[in-house]
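Trainee: I am new to reading protein models. Could you walk me through this one?

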Amino acid sequence: MAEEETKLQREFETWKINTPFLYDLVVCHATEFPSLTVQWSPAPPQPYLDDWSFSVHRLLLGTYTDDVAIKNFLLVADAVLPTESVSQDRDCEITTLPMVEIIHRIPMDGEVNIALYMPQNPEIVAVKTIYPQVYLINISNLGEMGNTESFDHLTKSMLGGHDEEGYALSWSTLRPGYLLSAARDNNICIWDVSSVSKPEVLYAKNIYQGHRKVTKDASWHQKNENLFGSVGDDGLLLIWDLRTSIPEGYGKSENEVELNSLSFNPYNDWIVATGAVDKTLPLFDMRKLPLPVHALRSHVGDVFKVEWDPNHASVLASASADRRIMIWDLNRIGKEQPKYDTTSDEPDELLFTHAGHISMVYDMAWNTHKPWVIASVGEDSCIQIWQIAENIYHDNDFA
């Protein structure tokens, strides 16, 4: 154990030494407890009043105490980041340092498994904890109350339909108020919360059953308001249509290995990325189901999360138990890349590997408003915000 810890510390020190060459931005903020979830607010960043060359981006996080005797919280944080002009001007004098500050701690019943802003209204947040119900919280009247723990006045609704806890939520970007959830009871629930204005208990509008084992993730299609997908421990990718009660199509991983995550490409009607426990990222074309058309391979641990870059059609990120977040460029598939290290066996599609975490990575999220910026959280109780160096993606023909 001591030898492994020494190795990890040595790797981390090497990473820190190399950060000036690999990144244009790195922020590390230690927290008391790990967070299983991280999401950027869809609302545009606001000017930072102390320094107009910086802006404030809002983040949503949670606590994972792993102890029923310790109170858990939904966390709202502000990330103060340089504007694009400052980020690109390495010769300008920096008087403000990028930072993360927790500004609100909202008490929750149990550890926070996942929390998501509604894309059309960031004042509405959906939260899943260790209990079956989904909480719907209106945070509009947080105001300037500061970092207090008394939020009894917040509007909270409970969404019913599940019998067990889960880790999957997805808001529709095309149907305002439509919320998708998956859980360990194998069920997929959908609610329409567009008319919820006061605390109430709302039961699922529809419940879908198709997986033989635990449903790990569910997500809306980015271009068709009627479609969504789900993956599970049965190794299946199911494609659903709101207008029917049975799957419209299905894909399956090689050897039916468990699938943990899925993400529909926001620029392409047909491509779906998934993350698997066999350390791969099976890629599916919905026109060519059931087998994947390609698999990305470089992780050495379970892949917990996959997410397409909202600003670049061919770019995908993945987070893993191997402590790494990898950025992939699908345009590089089949195109041999120059190898500066002739001993490296990295695949051509791999654009970048983030090695800043010293334990497994639970979640990560792209920043829509600041290209190439990712927030990540893991078992090491550290929130990291980072942006790969401009020369890395410019060398690969990205604008």
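Mentor: Let us take the pocket, then a run of strands, then the cysteines.
Mentor: This is a predicted model, where local features need pLDDT of at least 70 and side-chain atom pairs count only at pLDDT 80 or more, while totals for chains, interfaces and linings use all residues. Residues are numbered from 1 along each chain as its sequence is written, and side-chain values use heavy atoms, with hydrogens and water left out.

Trainee: What volume does the largest pocket have?
Mentor: Rolling a probe the size of a water molecule over the atoms shows where empty space is left. On a 1 Å grid over the protein atoms alone, a pocket is an open set of points where a 1.4 Å probe fits, with protein on both sides within 12 Å along at least five of seven lines. A volume is the space filled by probe spheres set on the points, which are joined across faces, edges and corners. Here the largest pocket comes to about 1500 Å³. Lining residues have an atom within 4 Å of a point; there are 48 of them, and Ile114, Leu116, Lys305, Glu307 and Asp363 are the closest to the pocket's centre.

Trainee: Which strands supply at least two residues of that lining?
Mentor: Strands (E, at least two residues) are DSSP runs, numbered from the N terminus. Among those that supply at least two lining residues are strand 7 (114-118), strand 24 (303-308) and strand 28 (361-366).

Trainee: How does strand 7 pair with strand 8?
Mentor: Two strands pair if DSSP finds at least two bridges between them. Strand 7 and strand 8 (residues 121-128) are antiparallel, with five bridges, and Tyr117 has Val125 as its bridge partner. The two strands form a hairpin with two residues between them. Strand 8 also pairs with strand 9 (residues 134-138), antiparallel over five bridges; there, Ala126 is partnered by Leu136. That hairpin has five residues between its strands.

Trainee: Why is there no bond between the sulfurs of Cys382 and Cys28?
Mentor: A disulfide is a covalent bond between the sulfur atoms of two cysteines. The rule used here asks for a pair of cysteine sulfur atoms within 2.5 Å, and the count comes to zero disulfides. The sulfur of Cys382 has its closest cysteine sulfur, that of Cys28, 4.6 Å away, so the two are too far apart for a bond.

Trainee: Is Cys382 buried or exposed?
Mentor: Buried means under 20% relative accessible area, exposed over 50%, and partly exposed in between (1.4 Å probe, protein chains only). Cys382 is buried at 14%, whereas Cys28 is partly exposed at 44%.

Notes
Helices (H or I, at least four residues) and strands (E, at least two) are DSSP runs, numbered from the N terminus.
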